[in-house]
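Work through the exercises below with the model open beside you. Try each task before reading its solution.

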Amino acid sequence: MSSIPNLPFEHVKIASNVDFYDSWAAQYDQSNPLQRVDDKLFEDNVLPRIAFLPRSQPVHIMDLGCGTGRNTTKLVPLLPPGSRITGVEQSEAMLNIAKPKFMENRSVNFIRSSLEALEVTEDEKVDALISTLVLEHVPLAPFFQVAARVLKSGGWAWVTSMHPDLGSQGQASFTNEEGKKVVGVSWNHTPEATIAAAEQEGLFLEGEVVIGRGGEKEKEKWQDVKMGVGFLFIKI
Ligand SMILES: C[S@@+](CC[C@H](N)C(=O)[O-])C[C@H]1O[C@@H](n2cnc3c(N)ncnc32)[C@H](O)[C@@H]1O
């Protein structure tokens, strides 16, 4: 499996995703169409699951590739008292945006690490994992190996990515100060390959693959296009 080799638009390529996200960090929180689709998938699929957690049972959730803490922020007020969130992120600049958002909150901690290098002890295994818009940047096998390593048996993982229909036209990118599109290293994984790689590591899809389409707010070219895809896996 190789990363996306050619793009049908002029771009500047950064060969390391750490450098790519270090360069994007300052602008990352200005919402983009894929983030908006991803927000809706999160609202529809993760928030109801969190709402049903028993209030008397604290949970430990990992946000793998947490970036600027876009989704960590949404979880904090909703978890049962005593719960913890660990954000894992390899870009220092992204983490430097995330950390001040949780200065007053001791239930959130961050680990600067690539997901591939992440090791957890038996005690540190988590009840649930979220990893939004990260899968595009990682080959499937190492991604699901770490997901299986950090999750307790019976735990769930919410994983989202760019949908292959959108991935066939582009990849994660931002526009730099010179007006040039900048890209890092991405893969255009299919849902079928994603599910097969997860199963190899003992993570099984619950329900259906969910698809996020461009909404009315988006430019005409994105309306109704399959932009995002989400999977809820259970670790057996
Ligand atoms: C598109 S951003 C998503 C950030 C956040 N999850 C969100 O939904 O806003 C992808 C993030 O994954 C991180 N990332 C990419 N590859 C990674 C890896 N191998 N290990 C850890 N983090 C990684 C990037 O640094 C970046 O912050």
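The exercises go from the ligand shell to helices, strands and loops.

Residues are numbered from 1 along each chain as its sequence is written. The model is predicted: local features need pLDDT of at least 70, side-chain atom pairs count only at pLDDT 80 or more, and totals for chains, interfaces and linings use all residues.

**Exercise 1. The ligand shell**

Task: find which residues come nearest to the ligand, and say how the shell divides by residue type.

Solution. Start with the cut-off: a residue is near a molecule or strand if its C-beta atom, placed from the backbone, lies within 6 Å of it. There are 20 residues around the ligand. Tyr21, Gly65, Gly67, Arg70 and Thr132 come nearest. Next, sort the shell. Ala, Val, Leu, Ile, Met, Phe, Trp, Tyr, Cys and Pro count as nonpolar, Asp, Glu, Lys and Arg as charged, and the others, Gly among them, as polar. The shell then holds 8 nonpolar, 9 polar and 3 charged residues.

**Exercise 2. Tyrosine 21**

Task: place tyrosine 21 in its element, decide whether tyrosine 21 is buried or exposed, and list what tyrosine 21 touches.

Solution. Helices (H or I, at least four residues) and strands (E, at least two) are DSSP runs, numbered from the N terminus. Tyrosine 21 sits in helix H1, residues 17-28. Now count neighbours. A residue is buried if 20 or more other C-beta atoms lie within 10 Å of its own, exposed if 12 or fewer, and partly exposed in between, with C-beta atoms placed from the backbone. Tyrosine 21 is buried because 25 other C-beta atoms lie within 10 Å. Then look for contacts, meaning C-beta atoms, placed from the backbone, within 7 Å. Leaving out residues up to four places away in sequence, tyrosine 21 touches Ser91, Ala93 and Met94. Serine 91 is 70 residues away along the chain, yet the two C-alpha atoms are separated by 6.1 Å.

**Exercise 3. Helix H2**

Task: check the length of helix H2, then find its buried side and what covers it.

Solution. The expected span is 1.5 Å times one less than the number of residues. Helix H2 covers residues 33-45, so its 13 residues should span 18 Å. Its end C-alpha atoms are 19 Å apart, which agrees. The buried residues in H2 are Leu34, Val37, Asp38 and Phe42. They cover an arc of only 140 degrees around the axis, so they lie on the same side of H2. That arc is taken from the directions from the helix axis to the C-beta atoms. Exposed Glu43 and Asp44 are on the face turned away from the buried side. The cover over the buried residues includes helix H3 (47-51), helix H4 (72-75) and strand S5 (126-132).

**Exercise 4. The partners of S11**

Task: state how S6, S9 and S10 each pair with S11, and give one bridge for each.

Solution. Two strands pair if DSSP finds at least two bridges between them. Strands of a sheet pair through backbone hydrogen bonds, either parallel or antiparallel. Take S6: it pairs with S11 in the antiparallel sense over 7 bridges. Tryptophan 158 has leucine 232 in S11 as its bridge partner. S9 and S11 are antiparallel too, over 3 bridges. There, phenylalanine 204 faces isoleucine 234. S10 joins S11 by 4 bridges, again antiparallel. Isoleucine 211 stands opposite valine 229. As for cover, 7 of the 10 residues of S11 are buried.

**Exercise 5. The open sheet**

Task: give the strand order of the open sheet and name its edge strands.

Solution. The sheet has 3 strands in the order S1-S8-S7, with mixed pairing. Its edges are S1 (12-13) and S7 (173-175), each pairing on one side only. S1 runs parallel to S8 (residues 181-183), joined by 2 bridges. Valine 12 has valine 182 in S8 as its bridge partner.

**Exercise 6. Two positive phi angles**

Task: say where leucine 133 and aspartate 224 sit, and whether each is buried or exposed.

Solution. Leucine 133 is not a glycine, yet its phi is positive, about 65 degrees. Leucine 133 lies in the loop between S5 and helix H6 (140-150). Leucine 133 is buried because 20 other C-beta atoms lie within 10 Å. Aspartate 224 also has a positive phi, about 70 degrees. Its loop runs between S10 and S11. Aspartate 224 counts as exposed because it has 11 C-beta neighbours inside 10 Å.

Conventions
Two residues are in contact if their C-beta atoms, placed from the backbone, lie within 7 Å.
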